[in-house]
Amino acid sequence: MSTPSPRGRSTMTMQPWFNEAKLGIFVHYGIYSVDGVPESWAPFDQVVPHEQYMRQLDGFTAAAFDPSAWAGLFARAGAGYAVLTARHHDGVALWDTRLSDLSVVGRTPAGRDLIAEYVSAMRDRGLRAGLYYSHSDWNHPDYASVRHPRPPHPELVDSPYVSPAPGAEDPRAWERYLDYRDGQVRELLTRFGPDLLWFDGEWERSAEQWRMSELARLIRDLAPDTVCNSRLLGHGDYATPEQGLPMSAPETDWELCLTVNDSWGYRPLDVNHKSVGQLVRYFAQTIGMGGNLLLNVGPRADGTITPEQAQRLEGLGDWIRRHSAAVHGTVGGLPPGHHYGPSTLSPDRRTLYLVCFDPPSETVCVRGLRNAVRRISVLGTGRELAHRRTGGLHDVPGDLWIEAPAPADLAPHGTVLALELDGELELYTGRGRE
């Protein structure tokens, strides 16, 4: 059963599975993996000539593409969903689209409908299947036909791939392009029934130019349970900050999309991988703020995920399994200032989970907690920890001091303490005696 999105102007509906998932895996897979160049952006940024970029079609084999292996890895990582690039800005579709001859089915040695196989494999493993789709298509002959009236990123739209020369707009060509875009979205919805559509490229036109209201209506009519991100301008279900945690949580459901190294697609020279410990921190901080983490990997052209990225997913999954009670079924925890790390809260608001990234040297302190505490234990070992309060006056509660866990009770990359409260969480957030 769907619930209304908190965004009042949205025409879509959020699904309960999204907030329960906590972790999703983003997969940028396309012809750009053949030469390991920036996905779609290589010709746009003049890293390689357009002709050279498109020659990668001849080398895209997907020879070892095994979505069942992907699904197994993603499940072991603790993910509840995945999002695969069905079509990036280069216009190359990973499914057998009837609206363009530019697909891996008809134009590459792979010759396979990768989306059909991916969706089936994810669902066989119990994962929700999401699809990324770019509003923009820099290879479509009708795309660069109108200009954004007020571009938020002028440097990104002043390109022959995006916009016509001033005075050379062709509204009829633009309408043809929109019909093509809507037709491909219709194909994805009716053939694959994705649980989520992850749109991108929205900065290149206004919401009115994109006909976003009409597209949202199309999605709602064909697939009312499909979740959409906020790049369906004005009509999405959740916000999508990118490559860095926001300092405060968005006022709606949200998801942080983050790369394991610095690249979205496969880049063999990019070895700046985040450690497992860093990924645990990103994950814990994100869910502690009430969001999901969408962690990206970039498979090689043959479809295999590099050992460096696979090992990091496995490591994150180990941490999540050990601390499942603090992850699944929880909501965001304490506001900043009450505890020096992130925290989550059980659905009944009676158990508070504190994440300690670094081993406490003496005690762990919680400020502003009005509740009495019945019991504190280390998640994963069950070791009970002593605690006491100091201070407090009138409305201001004292500070709660928790015995530091013993070395044997510490978990790699972050230890979680479970605080069982005497009722639903109550916090003091005032300024003290003024």
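## A tour of cavities and unusual residues

By class, the lining of the second largest cavity has five nonpolar, three polar and two charged residues. That is our starting point in this predicted model, so keep your viewer open and let us begin there.

**Stop 1: the second largest cavity.** Select Tyr29, Gly30, Ile31 and Tyr32, then add Thr85, Arg87, His88, Asp90, Val92 and Leu94; together these residues line the second largest cavity. The space they enclose has a volume of about 40 Å³. Keep Asp90 highlighted, please, as we will meet this residue again at the next stop.

**Stop 2: the largest cavity.** Now which residues line the largest cavity? Select Ser40, Pro43, His50, Tyr53, Met54, Asp90, Trp138, Asn139 and Tyr161 to see the lining. Asp90 therefore appears in the linings of both cavities, going by the 4 Å cut-off for a lining residue. Colour helix H3, residues 50–54, and you will have the element that gives the most to this lining, with three residues. By class, the lining holds five nonpolar residues, three polar ones and one charged one. The volume here is about 50 Å³. Across the whole structure, a search finds three cavities of 30 Å³ or more.

**Stop 3: Gln46.** Stay with helix H3 and move to the loop between helix H2 (41–44) and H3, where you will find Gln46. Have a look at the backbone here: Gln46 is not a glycine, yet its phi is positive, at about 60°. Is Gln46 buried or exposed? Gln46 counts as exposed because its relative accessibility is 72%, and the cut-off for that class is over 50%.

**Stop 4: Gln243.** Next, select Gln243, in the loop between strand E7 (227–228) and strand E8 (255–259). Gln243 also has a positive phi, of about 65°, although it is not a glycine. With a relative accessibility of 34%, Gln243 counts as partly exposed.

**Stop 5: Glu204.** For the last stop, go to the loop between strand E6 (196–200) and helix H9 (207–210) and pick out Glu204. Glu204 is buried, and it has no salt bridge. Show Arg205 as well: this is the nearest side chain of opposite charge, and it is 5.0 Å away. A salt bridge would need a distance within 4 Å, so this pair does not count as one. What joins the side chain of Glu204 to that of Tyr143? Display both side chains and you will see a polar contact of 2.4 Å between them.

Note on methods. Residues numbered from 1 in each chain as written. Predicted model: local features only at pLDDT ≥ 70, side-chain atom pairs only at ≥ 80, totals over all residues. Heavy atoms only, no water. 1 Å grid on protein atoms, 1.4 Å probe; cavity = no way out; pocket = protein on both sides within 12 Å on 5 of 7 lines; lining within 4 Å. Points joined across faces, edges and corners; volume = space filled by probe spheres on them. Helix = DSSP H or I, 4+ residues; strand = E, 2+ residues; numbered from the N terminus. Nonpolar A, V, L, I, M, F, W, Y, C, P; charged D, E, K, R; others polar. Buried < 20%, exposed > 50% of the residue type's maximum accessible area, 1.4 Å probe, protein only. Lys, Arg positive; Asp, Glu negative; His and termini not counted. Polar contact = N/O pair within 3.5 Å; in protein donor to acceptor, adjacent residues only side chain to side chain.
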